[in-house]
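I opened a new model today and want to get my bearings in it. Here are my notes, in the order I looked things up.

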Amino acid sequence: MSHEKVVVDHNILIRELEEGLDAFAQDFPLANFQKGDYKQYPVITLLACSDSRVPGNMVGSLFNRVFSIENIGNQVKTGEGSILYGLLHLGTPIMIVSGHSDCGAIKAASSDFSGEPDALKKELETVKESLAEGVKTFTGSLSDEDKVKYTQLAELNVDVQIDYLLGNPEVKELVGKKELFILGAMLDLHDVYGGGYAKTYLSNINGEKNLDTIKGFSELGSLAARANRLT
Ligand SMILES: [Zn+2]
């Protein structure tokens with residue numbers, strides 16, 4: 001498991017960071033914030049990979065809209081408490097579990113990570129268990145081409161996360177009452193699905209993986225047309 005270090009001009013990095021902080025304060029929607037009594041009203045709980053190519057704003061603006069949980073390989077177990085807070089206390093009507101192409105965590109969990117620090121090993125072990133679970137129930141075959149294979153695994157991993165969430169009786173009840181929709185999404189950064197770079201597909205809804213079933217979810221409106229899977 002290795003990755004090339006980024007070469008960066010430190011001064012530019014600091015200046016950009018300051019500019020970013022200033023821009024946030026400048027563009028801050030204060031009037032709306034005050035109207036809402038300074039509280040948070042997120043509508044989406046998002047579980048995504050920490051990968052910097054998977055930014056939360058792939059689903060639009062973030063401020064007071066998205067309750068975000070990010071960890072390597074987008075694992076429910078690694079951020080379970082935070083996720084349940086979003087679903088059960090903040091009551092977001094939508095939960096998105098997003099996987100992506102070329103996921104380093106999926107690749108690392110599929111290789112030897114025994115030399116990593118304990119905390120990292122623990123998180124990768126969780127990813128590894130999810131992959132094993134996903135492959136166990138998969139009746140198709142994984143591609144010989146790494147690029148496709150790891151994206152297939154990322155897709156199966158999303159399914160496993162959603163099934164795990166549905167194993168929580170309170171979450172299941174919300175889904176049953178249609179107060180919560182759990183969407184599985186695949187951010188195809190590398191055009192593995194063939195529809196173009198950075199397209200997001202809907203691979204799962206409330207545990208349903210059948211594309212026609214996903215497309216039949218009238219509650220999803222035109223979003224349902226994004227239904228697509230490799231596996
Ligand atoms: Zn990733």
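My entries below go from the whole protein to its sheet.

**Ground rules.** This is a predicted model, so I keep in mind that local features need pLDDT of at least 70 and side-chain atom pairs count only at pLDDT 80 or more, while totals for chains, interfaces and linings use all residues. Residues are numbered from 1 along each chain as its sequence is written.

**Overall size.** I looked up the box first: along the principal axes, the C-alpha atoms fill roughly 55 × 50 × 35 Å. Next I checked the radius of gyration, which is taken over C-alpha atoms, with a globule rule of 2.2 Å times the number of residues to the power 0.38. A compact globule of 231 residues would come out near 17 Å, and the protein has 19 Å, which agrees.

**Burial and contacts.** I found that 31% of the 231 residues count as buried. Buried means 20 or more other C-beta atoms within 10 Å of a residue's own, with C-beta atoms placed from the backbone. Contacts (C-beta atoms, placed from the backbone, within 7 Å) came next. Of those with a separation of 6 or more, 62% are between residues 24 or more positions apart.

**Parts list.** I noted 8 helices and 5 strands. Helices (H or I, at least four residues) and strands (E, at least two) are DSSP runs, numbered from the N terminus. Along the sequence the pattern reads α-α-β-β-α-β-α-α-α-α-β-β-α.

**The sheet.** How are the 5 strands ordered in the open sheet? I read off β2-β1-β3-β4-β5, with mixed pairing; strands pair if DSSP finds at least two bridges between them. At the edges sit β2 (66-71) and β5 (199-205), each pairing on one side only. On average, neighbouring strands are turned by 25 degrees against each other, direction ignored. For such angles, axes are lines fitted to C-alpha atoms, for helices over the stretch in contact, and angles run from 0 to 180 degrees between N-to-C directions.

**Around β1.** Strand β1 (residues 44-49) runs parallel to β2, with 6 bridges, and parallel to β3, with 5 bridges. I followed Leu47 both ways: Ile69 stands opposite in β2, and Val97 is the bridge partner in β3. Helix α3 (residues 80-89) packs on the sheet and touches β1, β2 and β3 (94-100). The direction of α3 makes about 155 degrees with that of β1.

**Around β3.** Is β3 mostly covered or uncovered? I found it mostly covered, with 6 of its 7 residues buried. β3 also pairs with β4 (residues 181-188) in the parallel sense over 7 bridges, and there Met95 has Ile182 as bridge partner.

Terms used:
Two residues are in contact if their C-beta atoms, placed from the backbone, lie within 7 Å. A residue is buried if 20 or more other C-beta atoms lie within 10 Å of its own, exposed if 12 or fewer, and partly exposed in between; C-beta atoms are placed from the backbone.
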